[in-house]
Amino acid sequence: MKSIEIIRSNRKTIAIEIKTDCRVIVRAPLSMSERDIQRFISEKADWIEKHWQAAKQRQTDAKDRLTDAQIHTLIDLAKQDMAARVKTFAPLIGVTVGRITIRRQKTRWGSCSSKGNLNFNCLLMLCPEEIRDYVVVHELCHRKELNHSRRFWTEVEKILPNYRICRKWLKDHGREIIGRLD
């Protein structure tokens, strides 16, 4: 079990507190025996463990959050990287594009407008290259099919026969990456 700090004070009841730094504190009345305090801790062991784990997870999540400076760096990197990928794949697919915009998004990796403007999530820079390729190809194929029909997926598959692996990777890891935004 975690080390537990016991603080006695002029109070009437016993209470458990899990601090944001994951310390476990038991506040007990001055008059309560050590044996009663230990019995209380033992009875609440499951509760303590559950809430300590949750505090630990929040602490880990906070450490992984991206700062504004990191996000701006990702945006700058993505402007160059995604434009280069679009330049590579657009001729292979046989399409033209309008504007390319990089955004900080919590729900999408990319989008394509009917005018051919492309938007990409700056968090793609935290993904492997083949995933960035997949998102670019996906959005470029929307220049031919502005839907997710069988014809659309056939266009994607012509360029990336392994697109299903990339799609699964995003499904498995995407939430964790997007979760790094505040």
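Q: How many bridges join β1 to β3, and which way do these strands run relative to each other?
A: In this predicted model, β1 and β3 run parallel and are joined by six bridges. One pair that can be located in the structure is isoleucine 7 with its bridge partner in β3, arginine 27.

Q: What is the order of the strands in the sheet, and which of them are the edge strands?
A: The sheet is open and has three strands in the order β1-β3-β2, with mixed pairing. Its edge strands are β1 (4-9) and β2, each of which pairs on one side only. From one strand to the next the twist averages 25 degrees. Helix α1 (residues 34-43) packs on this sheet, where it touches β1, β2 and β3, and its direction makes about 130 degrees with that of β1.

Q: In what sense do β2 and β3 pair, and how many residues lie between them in the hairpin?
A: Strand β2 pairs with strand β3 (residues 24-29) in the antiparallel sense, over four bridges, and within this pairing isoleucine 16 stands opposite valine 26 of β3. The two strands form a hairpin with five residues between them, and in the turn cysteine 22 has a positive phi of about 75 degrees.

Q: Which side chains of β2 are buried, and how do they alternate along the strand?
A: In a regular strand the side chains alternate between the two faces of the sheet. Strand β2 (residues 15-18) shows this alternation: Ile16 and Ile18 point to one face and are buried, whereas Ala15 and Glu17 point to the other face and are not buried.

Q: How are two packed helices described, and at what angle do α3 and α4 pack?
A: The description of two packed helices uses the angle between their axes and the distance between the axes. For helix α3 (residues 68-93) and α4 the angle is about 55 degrees and the axes are 9 Å apart, and the two helices are therefore oblique to each other. The crossing in which α3 passes α4 is right-handed. Residues making the contact include Met82, Val86, Phe89 and Ile93 of α3, together with Arg132, Val136, Val137 and Leu140 of α4.

Q: At what angle do α4 and α5 pack, and which residues make the contact?
A: Here the angle is about 135 degrees, with the axes of α4 and α5 9 Å apart, and that makes α4 oblique to α5. The contact is made by Tyr134, Val137, His138 and Cys141 on the α4 side, and by Phe152, Trp153, Glu155, Val156 and Ile159 on the α5 side. The crossing of α4 past α5 is right-handed.

Q: Where does helix α6 bend, and which of its residues are buried?
A: Helix α6 (residues 163-178) bends by about 45 degrees at aspartate 172. Its buried residues are Tyr163, Cys166, Leu170, Gly174, Ile177 and Ile178, and what covers them includes β6 (118-121), α4 (129-141) and α5 (150-159).

Q: Why does glutamine 105 count as buried, and which residues does it touch?
A: Glutamine 105 is found in the loop between β4 (100-103) and β5 (110-112). A residue is called buried when its relative accessible area is under 20%, so glutamine 105, at 15% relative accessibility, counts as buried. Leaving aside residues up to four places away in sequence, glutamine 105 touches Phe120, Asn121, Leu123, Ile178 and Leu181. Of these contacts, Ile178 is also one of the buried residues of α6.

Definitions and conventions:
Residues numbered from 1 in each chain as written. Predicted model: local features only at pLDDT ≥ 70, side-chain atom pairs only at ≥ 80, totals over all residues. Heavy atoms only, no water. Buried < 20%, exposed > 50% of the residue type's maximum accessible area, 1.4 Å probe, protein only. Pairing = 2+ DSSP bridges. Bend = angle between axes of the 7 residues up to and from the residue. Contact = heavy atoms within 4.5 Å. Axes fitted to C-alpha atoms, helices over the stretch in contact; angles between N-to-C directions. Parallel < 35°, antiparallel > 145°, perpendicular 65-115°, else oblique. Left-handed = near helix turned anticlockwise from the far one by under 90°.
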